[in-house]
Amino acid sequence: PAAATVVTVDLGEGTFDFGADSPYFKPTVVGSCFRDHEIAKKITQIIGDSHSLDFSASTRSIDFLFIDGDHSYDGVIKDSEL
């Protein structure tokens with residue numbers, strides 16, 4: 001929707017790859033997939049560890065939350081609670 005905004009939390013800046021089993025196997029700069037896109041102005045990128053960031057001051061409501069980070073059980077629970 002026109003009024004939608006997206007906030008992404010990325011562990012770090014720099015280059016990463018998706019792994020040899022991925023069709024996207026090439027070095028990729030964090031955020032580069034949207035940086036030059038027309039929708040980039042609607043995206044806020046936060047660099048940091050989601051386990052140590054303080055989200056308590058946020059007053060925004062969230063309509064959709066997608067967590068794809070720490071794949072351990074404890075990590076998913078912590079991200080979900082935060």
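**View 1. Ala2, in the segment before β1.** Welcome to this predicted model; our tour starts with Ala2, a residue placed ahead of strand β1. Ala2 counts as exposed, because its relative accessibility is 79% and the cut-off for exposed is over 50%. Along the chain, Ala2 and Lys42 are 40 residues apart, yet in space their C-alpha atoms are separated by 9.3 Å.

**View 2. The chain from end to end.** Step back for a moment to take in the fold. Two helices and four strands are found in the chain, and along the sequence they come in the pattern β-β-β-α-β-α. Of the contacts with a separation of 6 or more, 54% join residues that are 24 or more positions apart. Of the 82 residues in the chain, 17% are buried. The accessible surface comes to about 7000 Å², and carbon and sulfur atoms hold 56% of that area.

**View 3. Strands β2 and β4, seen through the predictor's confidence.** The mean pLDDT is lowest among the elements in strand β2, residues 15–16, at 74. The highest mean, 86, belongs to strand β4, which covers residues 43–47. For the chain as a whole, the average pLDDT is 79, and 89% of the residues score at least 70.

**View 4. Gly14, in the loop between β1 and β2.** Is Gly14 buried, partly exposed or exposed? Gly14 is partly exposed, because its relative accessible area of 33% falls between the 20% and 50% cut-offs. Which residues does Gly14 touch, once those up to four places away in sequence are set aside? They are Thr28, Val29 and Val30. For Val30, the C-alpha to C-alpha distance from Gly14 is 5.9 Å, with their positions 16 residues apart in sequence.

**View 5. Ala40, in the loop between α1 and β4.** Here is a residue to set beside the exposed Ala2: Ala40 is buried. Ala40 earns that label because its relative accessible area is 19%, and buried means under 20%. Apart from neighbours within four places in sequence, Ala40 is in contact with Phe34 and Arg35. The C-alpha atoms of Ala40 and Thr5 are 9.8 Å apart, while the two residues lie 35 residues apart along the chain.

**View 6. The largest pocket and its lining.** The largest pocket holds about 1900 Å³ of space. Its lining is made up of 46 residues, and the closest to the pocket's centre are Val7, Thr8, Val9, Leu65 and Phe66. By class, 21 of the lining residues are nonpolar, 17 are polar and eight are charged.

**View 7. Helices and strands around the largest pocket.** Which elements each supply at least two residues of the lining? They are β1 (6–10), β2, β3 (28–29), α1 (32–35), β4 and α2 (73–81). Strand β1 gives the most, with five residues.

Terms used
Residues are numbered from 1 along each chain as its sequence is written. This is a predicted model: local features need pLDDT of at least 70, side-chain atom pairs count only at pLDDT 80 or more; totals for chains, interfaces and linings use all residues. Side-chain values use heavy atoms; hydrogens and water are left out. pLDDT is the predictor's confidence in each residue, from 0 to 100. On a 1 Å grid over the protein atoms alone, a cavity is a set of points where a 1.4 Å probe fits but cannot get out, and a pocket is an open set with protein on both sides within 12 Å along at least five of seven lines; lining residues have an atom within 4 Å of a point. Grid points are joined across faces, edges and corners, and a volume is the space filled by probe spheres set on the points. Ala, Val, Leu, Ile, Met, Phe, Trp, Tyr, Cys and Pro count as nonpolar, Asp, Glu, Lys and Arg as charged, and the others, Gly among them, as polar. Buried means under 20% relative accessible area, exposed over 50%, partly exposed in between (1.4 Å probe, protein chains only). Contact means heavy atoms within 4.5 Å. Accessible areas come from the Shrake-Rupley method with a 1.4 Å probe; for residues, only the protein chains shown count as cover.
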